[in-house]
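Open the model in your viewer and keep the selection tool at hand. This tour tells you what to pick next and what you will find there.

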Amino acid sequence: MVFSTLFSAALGLAFVPSTLGGVLPICPRDVAAVCSSLNTNFGTSIAQSTEPEYAGLRTENCVPQSPFLYRPHRSETAWRTPACIFRPSSASDLQDVVTVLVGSNTPFAIRSGGHSPDPHAANIDGGVLIDLSLFNTVTYDAINNVAVIGAGLRWGEVYSQLALHNVTVVGGRVLDVGVGGLLLGSGLSYLSDLYGLACDNVVNFEVVLADGSLVNANAVDNPELFWSLKGGGNNFGIVTAFTLTTIADRQVWGGLKLYDIEYLPDLYTAMLEYQTAAEKDLYANLMLQGFITSSGAAVQLNLIYFKDEVAPAAFAPFYSIPTTADTTTLSSFTDFLATQGPAMFPPRVDWHSSSFEPNADVYSAIHDIVTSSAELSTITGVTSGTLAFGVQPITTNLIEQGILKGGNALGLSNVNQTWHVIDLGWQSSADDTTVHTAAKTMKEDIIAAAVGESVDLDYIFANDASWDQDVFGSYGSVNIARLKAAQAIYDPTEVFQRLVPGGFKLPPTV
Ligand SMILES: Cc1cc2nc3c(=O)[nH]c(=O)nc-3n(C[C@H](O)[C@H](O)[C@H](O)COP(=O)(O)OP(=O)(O)OC[C@H]3O[C@@H](n4cnc5c(N)ncnc54)[C@H](O)[C@@H]3O)c2cc1C
Ligand SMILES: *[C@@H]1O[C@H](CO)[C@@H](O)[C@H](O)[C@H]1NC(C)=O
Ligand SMILES: *[C@@H]1O[C@H](CO)[C@@H](O)[C@H](O)[C@H]1NC(C)=O
């Protein structure tokens with residue numbers, strides 16, 4: 001830390017001793033001075049608001065150099081005005097800058113793929129935005145069957161790099177999504193029933209901690225940090241690279257079936273049958289999603305069978321329902337994923353998550369809520385108002401795989417379950433509150449239906465949760481206590497609570 005101490009002394013900044021317990025007061029600060037000093041020392045990796053690349057990086061929308069390095073925040077709700085933007089190209093630069101930010105009490109945000117629609121999760125007004133997009137390499141280790149994946153990559157780039165070696169990983173279902181946020185929020189993959197959540201397949205995290213040190217977290221080194229990062233979001237450090245177990249690519253059967261909305265009740269019935277089969281086939285995976293706007297509606301079933309077999313029995317409950325389109329075909333898993341590009345959706349996004357055990361009456365209640373509630377009219381009544389609603393079936397094998405691979409912080413109940421999501425899209429910031437409030441009511445009505453049938457579950461899937469949902473609360477008090485204990489070791493002055501305001505946060509120390 002010699003360099004950093006000198007550096008902050010040169011800045012005239014008081015150094016905050018990291019040995020102080022409890023929450024430190026935030027001293028008056030001058031972020032502009034911090035930015036201009038960082039600019040002197042880190043030149044091209046700092047974008048100041050006066051520099052041409054700033055506008056593109058603020059929204060990540062305008063710099064067209066590479067389809068994978070510069071993509072918009074998925075949602076315009078996340079466009080902010082940081083004082084400056086730091087794009088580290090090495091872990092050591094990141095370590096030095098973290099030390100300066102902590103020493104000067106400068107608020108900051110951490111961004112990987114920018115796919116969280118939460119307005120403040122991965123961007124910041126007035127503070128420093130740390131953009132990880134230059135941590136963009138994939139290194140495959142064929143001997144150990146692992147790949148080291150840069151935290152700023154999108155899944156599409158990961159899959160295409162790994163395809164050169166005929167392997168894949170348990171990762172995102174949509175190519176455009178970022179590696180960092182998906183893995184730290186747990187990560188639901190088409191392979192999760194077989195192999196567990198994406199985070200369960202991480203064997204090492206390389207992390208910059210609040211004190212500027214760079215550490216590995218795995219089953220042997222820093223095991224409590226390893227456990228905590230599997231669901232811990234941005235509460236413990238900045239992850240620079242993830243090492244994931246690789247899986248041989250293979251021929252699979254999969255694609256998309258489209259339906260008229262009138263078949264939604266039949267699709268829920270088929271879903272329940274699929275989820276409650278005596279022996280659920282773990283190679284089968286799917287997601288059912290409906291879309292409603294003021295001008296139309298449709299239902300889409302994404303399905304994938306991780307074997308070289310056409311129309312397997314696992315999906316039998318769905319086969320008799322008439323489709324309007326069907327793209328299912330045999331291909332490699334990588335080629336199947338390549339068809340899962342980003343969907344067309346309006347520019348502003350919000351989503352709300354809930355979980356429950358599969359139940360016919362709950363699905364029937366959801367059907368009514370999503371097709372005929374007052375909230376639906378509110379949402380489809382705003383400009384480009386779009387409601388999407390999705391059923392993601394989760395089996396107990398997913399949960400057991402997580403335990404086998406070292407456990408995670410999520411506190412999942414060992415039952416077969418549904419992770420339900422309501423997605424909203426719309427056009428204008430004037431409608432942000434209207435849409436959020438209507439969707440929140442829909443989510444609460446769905447939870448009430450599940451409570452009414454005694455099948456509600458506490459778990460809130462971070463990657464589908466709205467900014468006001470209590471994700472960490474849903475992990476349960478035992479896991480929160482364990483996370484707080486890890487925090488006391490790895491971030492004793494709670495830098496990631498005080499200076500990184502965005503994203504889902506551990507509860508404060510009482
Ligand atoms: C079209 C679409 C498809 C999706 N599909 C899936 C899916 O199949 N499975 C699934 O699980 N989720 C899915 N998601 C949800 C997605 O996982 C979350 O939105 C996730 O937060 C995106 O990660 P990101 O890196 O792009 O996000 P960002 O917005 O960059 O980050 C999200 C949060 O993670 C933190 N963070 C990111 N990287 C780091 C890091 N390296 N160190 C510390 N903190 C970090 C940020 O500070 C922020 O709080 C999807 C989202 C979209 C829009
Ligand atoms: C990948 O698989 C293809 C087709 O089976 C084969 O031709 C190729 O040699 C394999 N590549 C590697 C790196 O194993
Ligand atoms: C979950 O479902 C599978 C198969 O559908 C079944 O074998 C298993 O017993 C169920 N688990 C529990 C805890 O009910």
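The stops below run through two ligand sites, a helix, a disulfide and a few single residues. Keep in mind that this is a predicted model.

**Stop 1: ligand 1**

Select ligand 1 and show what lies around it. Its shell holds 30 residues. The closest are I110, G114, R173, L188 and V239.

Now look for polar partners. Pick G114: a polar atom of its backbone sits 2.7 Å from an oxygen atom of the ligand. Move to S116, where a polar backbone atom is 3.0 Å from an oxygen of ligand 1. Then pick N234. Here the side chain supplies the polar atom, 3.1 Å from a ligand oxygen.

How much of ligand 1 does the protein cover? On its own, the ligand has 960 Å² of accessible area, and the protein covers 92% of that.

Next, colour by element. β3, α6 (179-184) and β10 (238-245) are the elements that give two or more residues to this shell. Which of them gives the most? It is α6, with four residues.

Colour the shell by residue class to finish. You should find 14 nonpolar, 13 polar and three charged residues.

**Stop 2: S186**

From α6, follow the chain towards α7. S186 is in the loop between these two helices. Is S186 buried or exposed? It is buried, because its relative accessibility is 0%, and the cut-off for buried is under 20%.

Show the contacts of S186, leaving out neighbours within four places in sequence. The partners are L197, A198, C199, L410, Y459, F461 and N463. Click on C199 in that list. This cysteine is buried too, with a relative accessible area of 0%.

**Stop 3: ligand 3**

Select ligand 3. The residues around it are A277, A278, K280, T396, N414 and N416. By class, they split into two nonpolar, three polar and one charged.

Go through the polar atoms one by one. Start with N416: an N or O atom of its side chain is 2.3 Å from an oxygen atom of the ligand. At A277, a backbone N or O atom lies 2.5 Å from a ligand oxygen. At K280, look at the backbone: a polar atom there is 3.4 Å from an oxygen of ligand 3.

Then check the cover. Ligand 3 on its own has 360 Å² of accessible area, and 56% of this is covered by the protein.

**Stop 4: helix α14**

T396 was one of the residues around ligand 3. Select residues 396-404 to show helix α14. Its buried residues are N397, L398, I399, Q401 and G402. What do they pack against? The partners are α7 (192-195), β18 (386-394) and β19 (417-426).

Step just past the end of α14 to G406. This glycine takes a positive phi of about 110°.

**Stop 5: two positive phi angles outside glycine**

Select N105. You are in the loop between α4 (91-103) and β3 (108-111). N105 has a positive phi of about 55°, although it is not a glycine. The residue is buried, with a relative accessible area of 3%. Its loop leads to β3, which you met among the elements that line ligand 1.

Now jump to E494. Where does E494 sit? It is in the loop between α16 (477-490) and α17 (495-498). Phi of E494 is near 55°, again a positive value in a residue other than glycine. E494 is also buried, at 9% relative accessible area.

**Stop 6: the disulfide**

How many disulfides does a search of the whole structure find? It finds one. Select C35 and C84 and show the bond: the S to S distance is 2.1 Å. The torsion about the S-S bond is about -80°, so the disulfide is left-handed.

Show the secondary structure at both ends. C35 lies in helix α2 (residues 31-42) and C84 in strand β2 (residues 84-86), so the bond ties together parts that are 49 residues apart in sequence. Both cysteines are buried.

Technical notes: Residues are numbered from 1 along each chain as its sequence is written. Chains are lettered from A and ligands numbered from 1 in the order in which they are written. This is a predicted model: local features need pLDDT of at least 70, side-chain atom pairs count only at pLDDT 80 or more; totals for chains, interfaces and linings use all residues. Side-chain values use heavy atoms; hydrogens and water are left out. A residue is near a molecule or strand if one of its heavy atoms lies within 4 Å of it. A polar contact is a pair of N or O atoms within 3.5 Å; within protein, one must be able to donate a hydrogen and the other to accept it, and residues adjacent in sequence count only if both atoms are side-chain atoms. Accessible areas come from the Shrake-Rupley method with a 1.4 Å probe; for residues, only the protein chains shown count as cover. Ala, Val, Leu, Ile, Met, Phe, Trp, Tyr, Cys and Pro count as nonpolar, Asp, Glu, Lys and Arg as charged, and the others, Gly among them, as polar. Buried means under 20% relative accessible area, exposed over 50%, partly exposed in between (1.4 Å probe, protein chains only). Contact means heavy atoms within 4.5 Å. A disulfide is a pair of cysteine sulfur atoms within 2.5 Å.
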